[in-house]
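Student: I'd like to go through this one with you and ask how each label is earned. Can we take it step by step?

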Amino acid sequence: MTFSHDPQLQKIKGDDLQSRTDFMQRMDWGLKIDLQKVFFRILEVATKENIDKDKMVMIVFVFTNMDVEETYCSNNWDIEY
């Protein structure tokens, strides 16, 4: 999932680590992410692809070196958590 105001699910392409790294660097990266949009994107894809309940994403990890206040553009961290 891209780390941006409009997060998009991506399939990392490339045959080796360098080409995969290059692909990821070209993705739309921003300074903030809307976690609610991430959850909606996951649900949208799961619904479209008719993913079984037992195969759904259960945990989303967000790796960043920013403070929480800088990172999340939604209004309420407790709701997203």
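Tutor: Sure. Start with a cut-off: a polar contact is a pair of N or O atoms within 3.5 Å, where one must be able to donate a hydrogen and the other to accept it. Keep in mind that this is a predicted model.

Student: What makes the pair Thr-2 and Gln-8 a polar contact?

Tutor: The backbone nitrogen of Gln-8 lies 2.8 Å from a polar atom of the Thr-2 side chain. That value is within 3.5 Å, so the pair counts.

Student: Where does Thr-2 lie, and which residues does Thr-2 touch beyond four places away in sequence?

Tutor: Thr-2 is in the segment before α1, the helix of residues 17-25. Leaving out residues up to four places away, its contacts include Pro-7, Gln-8, Met-27, Trp-29 and Ile-33.

Student: Why is Thr-2 called buried?

Tutor: Buried means under 20% relative accessible area. Thr-2 has 2%, so the label fits.

Student: How do you know whether Asp-16 is buried, exposed or partly exposed?

Tutor: Asp-16, also in the segment before α1, has a relative accessible area of 43%. Exposed needs over 50% and buried under 20%, so 43% falls in between and Asp-16 is partly exposed.

Student: What puts Asp-16 and Ser-19 on the list of polar contacts?

Tutor: A polar atom of the Asp-16 side chain lies 2.8 Å from the backbone nitrogen of Ser-19. The limit is 3.5 Å, so this pair counts as well.

Student: On to α2. How do you know that its length agrees with what a helix should span?

Tutor: Helix α2 covers residues 35-48, which is 14 residues. At 1.5 Å a residue the expected span is 20 Å, and the end C-alpha atoms are 20 Å apart, so the two agree.

Student: Which residues of α2 are buried, and what puts them on the same side?

Tutor: Leu-35, Val-38, Ile-42 and Ala-46 are the buried ones. They cover an arc of only 65° around the axis, so they sit on the same side of α2. As background, an α-helix has 3.6 residues a turn, so residues three or four places apart point the same way. On the other side of α2, Phe-40, Thr-47 and Lys-48 are exposed.

Student: What makes Asn-50 stand out, and why is Asn-50 called exposed?

Tutor: Asn-50 comes just after α2, in the loop between α2 and α3. Its phi is near 55°, a positive value in a residue other than glycine. Most residues other than glycine have a negative phi. As for exposure, the cut-off is over 50%, and Asn-50 has 64% relative accessibility, so Asn-50 counts as exposed.

Student: And the chain as a whole: how many helices and strands, and what is the mean pLDDT?

Tutor: There are 4 helices and 0 strands, and 20% of the 81 residues count as buried. The mean pLDDT is 80, with 77% of residues at 70 or more. Among the elements, α1 has the highest mean, 93, and α3 the lowest, 52.

How values were computed:
Residues are numbered from 1 along each chain as its sequence is written. Side-chain values use heavy atoms; hydrogens and water are left out. Helices (H or I, at least four residues) and strands (E, at least two) are DSSP runs, numbered from the N terminus. The expected span of a helix is 1.5 Å times one less than its number of residues. Buried means under 20% relative accessible area, exposed over 50%, partly exposed in between (1.4 Å probe, protein chains only). The arc is that of the directions from the helix axis to the C-beta atoms. Contact means heavy atoms within 4.5 Å. pLDDT is the predictor's confidence in each residue, from 0 to 100.
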